[in-house]
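The exercises below concern charged side chains and their surroundings. Please work through each task before reading the solution under it.

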Amino acid sequence: MSGRTPDGATAGAEPALAPAAPSRTPDDFDRMWDTLAPLGRDKDSGGYRRFAWTDADRDVRDWFRGQAADRGLAYEEDRNGNQWAWLGDPGGRDAVVTGSHLDSVPDGGAFDGPLGVVTAFAALDALRERGAAPRKPLAITNFADEEGARFGLACVGSRLSAGALTKEAAFALRDADGVSLPRAMERAGFDPDAIGADHARLDRVSAYVELHVEQGRALDLTGDPVGIASAIWPHGRWRFDWRGEANHAGTTRLADRRDPMLPYAETVLAARREAALARAVATFGKLHVVPGGVNAIPSLVRGWLDSRAADQETLDTVVTAIEEAARDAAAREGVDLSVVRESFTPVVEFGHALREELGRVLRTGKGEVPVLPTGAGHDAGILSAVVPTAMLFVRNPTGVSHAPAEHAERADCHAGVTALADVLEELACR
Ligand SMILES: [Zn+2]
C-alpha cells in the first residue's frame, strides 16, 4: 500500500496495516502494567533503559503491538516509526488520538511515558464496557524516541511528523558510540529513508490528548488525583565555556592563577539566586573539565545550563542575569567566557477550547480540576503546532521523575483511566 513520493521516500500516509488478530480478553490496567514493568529494566539500579531503537525499545514496541492485537485494533507504524493502534478507520477524518511514549531516560522511572500508553488502552476498554460507540476514528500512539536519551534530541518521532525536524538534521544525529539515527533505525528493521513530515496523517487528527505522570508536586499539594495542563514553560540549554590557563596545582601561586573553575562555581550560585528571584528554574547538571587532573588547574571548564520559566520574558531575564554574573566572575579571574545557546523551545500554550472542554467533562460532579503548567517538554507540546492538543496529569506524590523513585499510586492511575475515558467519550463518541 505504501507508495513512493517524488523524492523517492516511502509515503507514510498510507502504510500497510497489520491484519487485526483474533481478539482475546484484553489485559486490564494492572495486568498490562505488570507485563510491561520488566521490559528494559536494569536489575542493579531498578531504573529503565529503554533507549530508541535498542533491544529494550523493540521489546516495548512488541508489547504495544501485542496490546493492539489483543483488542483487534488495526496496527500501523508511520514513516517515522511512531506506533498507532486504531479503533475505526485509520484513513478517516477527525481522528481522536491519545497515547504517549514508551522509551525512557537513563535509569528512568516506570511512569514517564508508559502511564499514558497503558492508560490509553485501559480507557479504550472502559469505553467499550460502557457501550460507548465512537463516531470518529480513535487511535492510541507510542511516539518514538521521546526522551532523546540516545541521540540527544527529545521528541524525535513527533518532531519529524510535525515537520519540526528535517530528515537531514535527523540523519546527522549520532549516539555516544557514533551510530547514526538512520543506521540505528535500519538495524531495528526500520526504513529510515521514509522519515519526514507527515502532514497528511496529522491533518486527519482533530485532537491529541496525552496523559502523563506529573513531574512535580502541584497535584499532591492540591490533593487531586488528576489535573489538566495549561502550558509548557519555554525552556533552553546554554553551553558556557570558561577558558583559563592549565598549570600545576602545587606550585602555582593563587595570585598567578587563571582558574576557570572559580567563575564556574560563582555562576552556579548565581543561577540558583536568579532562578529563585524570578520563580523560574536554572540548573547546571553537566560539566566537562579539561584536562581533568586532580593536581592540575583546569584550562577549560564547560558547563551546561538548563533554564525554564513561566514565560519568555522571565526566561530571558534569568538567563541574561546568569550570563552577566558569569562574565563578571570570569573577568575577575582573568578567564575568557563564551556562551552558546544549544537549543530552545518556546512556550506552548495548550488551546483554550480543548482545555476548557476537558475541564467541563472532568468537573462533572467532582469539583474543579486543577489546571497547571509544567516545566517538562512532551510530544503533545511538539504536536500542538499542528494539531489541537491537551494534556492530563496524574498525581506524583513525591514529584520525583526521570529516576527509579518516580511513582503514582495505583488508585490515582485508575482515576486517570476514568478521566481519560470520560474525555475520549466526549471527544469521539458524542
Ligand atoms: Zn514523558
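**Exercise 1.** Is Arg410 buried, partly exposed or exposed, and what is its relative accessible area? Then find the acidic partner of Arg410 and place both residues in the fold.

*Solution.* Keep in mind that this is a predicted model. In the first step, the relative accessible area of Arg410 is found to be 30%, and since buried means under 20% and exposed over 50%, Arg410 is partly exposed. In the second step, the partner turns out to be Asp30, with which Arg410 forms a salt bridge whose closest N and O atoms are 3.2 Å apart. Arg410 belongs to helix H13 (residues 410-429) and Asp30 to helix H1 (residues 29-36), so the pair ties together parts that are 380 residues apart in sequence. Asp30 is likewise partly exposed, at 27%.

**Exercise 2.** Determine where the two residues of the salt bridge between Arg71 and Asp125 lie, and whether each is buried or exposed.

*Solution.* The side chains of Arg71 and Asp125 come together at 2.8 Å, N to O. Arg71 sits in the loop between helix H2 (55-70) and strand E1 (74-77), while Asp125 is in helix H3 (residues 114-130), so this salt bridge joins parts 54 residues apart in sequence. Turning to accessibility, Arg71 is buried with a relative accessible area of 2%, and Asp125 is buried with 12%.

**Exercise 3.** State how many salt bridges the structure holds, and name the members of a network of them.

*Solution.* The count for the structure is 27 salt bridges. A network of salt bridges links Arg239, Asp241, Arg243, Arg302 and Glu342.

Definitions and conventions. Residues numbered from 1 in each chain as written. Predicted model: local features only at pLDDT ≥ 70, side-chain atom pairs only at ≥ 80, totals over all residues. Heavy atoms only, no water. Salt bridge = Lys/Arg side-chain N within 4 Å of Asp/Glu carboxyl O. Helix = DSSP H or I, 4+ residues; strand = E, 2+ residues; numbered from the N terminus. Buried < 20%, exposed > 50% of the residue type's maximum accessible area, 1.4 Å probe, protein only.
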